[in-house]
Each structure stands twice: as structure tokens, then as C-alpha cells.
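Reader: I should like to go through the terms used for this protein and ask what supports each of them. Please show the structure before we begin.

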Amino acid sequence: MSLASTEAGTVASELYGRIRSCTRCLLAKSRTHSVPGEGPLDAEVMFIGEAPGMNEDREGRPFVGAAGKFLTELIEAAGWQRDAVYITNVLKCRPPGNRDPLPNEIEACNGYIEEQLRLIDPLLLVSLGRYSMARYFPNARISKVHGQHREIEGRLFVPMYHPAAALHQGSLRQTIIEDFKKLPALLEQARALRQPVGGEPDERSPAEQMRLFD
Ligand code: URA
């Protein structure tokens with residue numbers, strides 16, 4: 001393990017520890033477990049959902065219920081493995097009854113997403129649903145902008161429907177699948193954004209470069 005990855009691991013453990021014992025908002029009182037997120041710290045792709053539900057609250061892991069099963073299928077439809085991407089949520093604790101996140105809860109949790117973005121530094125950032133989209137596009141309508149990418153802060157950002165939307169509205173299922181199929185090409189584009197001007201060779205091994213397509 002390289003020194004850089006050892007350091008990232010230490011930073012992540014410390015961050016996850018703070019999230020697990022967080023009392024920044026009242027959700028701390030009703031949660032069973034907070035859900036920091038999971039995935040490799042050097043993931044090129046990061047998904048941000050809304051908030052843990054009942055299953056995630058019980059297990060302390062993101063997207064392990066029905067929406068999570070569909071998310072895993074979508075990631076695989078894009079040709080990737082779930083364990084090659086990083087997955088987290090806007091809120092780290094479950095709102096009671098799965099109600100919508102409140103502005104003060106989003107505000108309280110915001111610093112954690114900031115820290116995760118600095119730590120993982122993904123090339124491609126995918127929001128799932130309107131609460132994670134709102135971080136960059138507070139007034140956009142998901143029905144208009146889903147699947148359309150933008151360059152933001154040196155990475156590509158793509159808003160997607162939340163996978164649970166397809167569970168409630170079956171007609172969205174194929175739309176979401178088609179949107180996810182665009183992701184590998186967007187990742188290629190996102191990699192090109194980080195290539196140094198003048199086309200310096202990429203110093204990662206081919207195996208590392210192809211890591212997501214195993
Ligand atoms: N929905 C989310 O937004 N996140 C989860 O972790 C599970 C369901």
C-alpha cells in the first residue's frame with residue numbers, strides 16, 4: 001500500500017468516526033447507525049444519494065435496500081462493479097419515516113460531503129435525485145436535466161433520477177438505465193480533463209486506468 005493511500009485511509013477512518021458519533025442535528029437521536037459512505041478512496045466515480053432509509057439505518061451502509069439493489073444493477077449496466085465506485089448520501093442519518101431532508105439537516109451534514117469530495121476527488125460525480133442535484137443546481141428540474149453533464153470544479157457532474165423513482169414510477173426505469181449507460185463515455189471525457197496540457201503521458205499503469213472495467 002502506498003504512503004498516499006495509507007494517509008487517505010487514516011483521514012477516512014477519522015472522518016467516518018466523526019460521522020458515526022455526529023450530533024450536529026436532531027437525527028442523531030432517532031438513528032440506529034449513521035451511514036458515512038463506502039467505496040475505494042481512489043474511486044474515479046462518486047454517487048451521492050439523498051439519505052439512508054430503514055435498511056441503511058440498520059446496517060450502517062448506503063443503498064442496501066430495494067433502491068440500492070436497483071442502483072447496483074444500474075452500475076453494472078454501465079459496465080462497472082459496485083465496489084469500484086464510491087457511494088454516499090447528502091444526509092448521513094435517516095430522517096424518521098423517510099421524510100424529506102430538512103434544510104438545517106442538509107446544512108449540518110454539508111461539511112461531511114465537502115470532506116469526502118476533497119478526499120476522494122472523483123473525476124465523475126453523479127447525483128441521485130433532487131437533493132444531491134440541488135447542491136450544484138438548486139433551481140433545476142430533474143425531469144429536464146437528468147443525464148446531462150456539466151463541468152464543475154475540474155470534474156464532470158451528472159444529475160440522475162434517484163433509483164427509487166423507478167420503483168414508484170415504472171416508466172422511468174428505462175430512462176434511468178439509458179442515462180447510466182452514458183457514464184463510461186463521460187468518465188473517459190472526465191479523465192481527459194485531468195490530462196496535463198501538452199499531452200504528458202498518463203503515469204498510471206494500464207491496469208489502474210482500466211480498473212473500473214474489470
Ligand atoms: N436512498 C438513498 O438516497 N440513499 C440510500 O442510502 C438509500 C436509499
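Reader: Why does D121 count as buried, partly exposed or exposed?

Author: The model is a predicted one. The relative accessibility of D121 is 35%, and partly exposed is the class between under 20%, which is buried, and over 50%, which is exposed. D121 therefore counts as partly exposed.

Reader: What makes the contact of D121 with R194 a salt bridge?

Author: The closest N and O atoms of D121 and R194 are 3.1 Å apart, and the criterion is a side-chain nitrogen of Lys or Arg within 4 Å of a carboxyl oxygen of Asp or Glu. The pair therefore qualifies as a salt bridge. It links distant parts of the chain, 73 residues apart: D121 is in the loop between α5 (103–120) and β3 (124–128), and R194 is in the loop between α10 and α11 (206–209). R194 is partly exposed, since its relative accessible area is 34%.

Reader: How do you know that E44 and R191 form a salt bridge, and what does the pair tie together?

Author: Between E44 and R191 the closest N and O atoms are 2.8 Å apart, and the limit is 4 Å. E44 belongs to the loop between α2 (27–30) and β1 (45–49), while R191 belongs to helix α10 (residues 183–193), so the salt bridge ties together parts that are 147 residues apart in sequence.

Reader: On what values are E44 and R191 assigned to the buried, partly exposed or exposed class?

Author: E44 has a relative accessibility of 4% and so counts as buried. For R191 the relative accessible area is 10%, and this residue is buried too. The cut-off for buried is under 20%.

Reader: What makes E105 and R99 a salt bridge, and which class of exposure does each residue have?

Author: The N to O distance between the side chains of E105 and R99 is 2.6 Å, and the limit is 4 Å. E105 is buried, because its relative accessible area is 4%. R99, with 31%, is partly exposed.

Reader: How many salt bridges does the structure hold, and which residues are linked in a network?

Author: The structure holds 14 salt bridges. E14, R18 and E115 are linked in a network of them.

Reader: Why is the phi of N98 singled out, and where does N98 lie?

Author: Most residues other than glycine have a negative phi. N98 is not a glycine, and its phi is positive, near 60°. N98 is placed in the loop between β2 (86–89) and α5. Its relative accessibility is 43%, so N98 counts as partly exposed.

Reader: What is the phi of E153, and why is E153 assigned to its class of exposure?

Author: E153 has a positive phi of about 50°, although E153 is not a glycine. E153 lies in the loop between β4 (150–152) and β5 (155–160). At 61% relative accessibility E153 counts as exposed, the cut-off being over 50%.

Reader: What makes S127 buried or exposed, and which residues does S127 touch?

Author: S127, found in strand β3, has a relative accessibility of 1% and therefore counts as buried. Leaving aside residues up to four places away in sequence, S127 touches I48, S132, M133, F157, V158, P159 and M160.

Reader: Why is H168 called buried or exposed, and how far is H168 from Q148?

Author: H168 counts as exposed because its relative accessibility is 71%. H168 is in helix α8 (residues 163–168). Between H168 and Q148 there are 23 Å in space, C-alpha to C-alpha, and 20 residues in sequence.

Reader: How do you know whether the radius of gyration agrees with that of a compact globule?

Author: For 214 residues a compact globule would have a radius of gyration near 17 Å; the protein has 17 Å, so the two agree. The C-alpha trace spans about 50 × 45 × 30 Å along its principal axes. The protein has 11 helices and five strands, and buried residues make up 47% of its 214 residues. Of the contacts with a separation of 6 or more, 73% are between residues 24 or more positions apart.

How values were computed. Residues numbered from 1 in each chain as written. Predicted model: local features only at pLDDT ≥ 70, side-chain atom pairs only at ≥ 80, totals over all residues. Heavy atoms only, no water. Helix = DSSP H or I, 4+ residues; strand = E, 2+ residues; numbered from the N terminus. Rg over C-alpha atoms; globule rule 2.2 N^0.38 Å. Buried < 20%, exposed > 50% of the residue type's maximum accessible area, 1.4 Å probe, protein only. Contact = heavy atoms within 4.5 Å.
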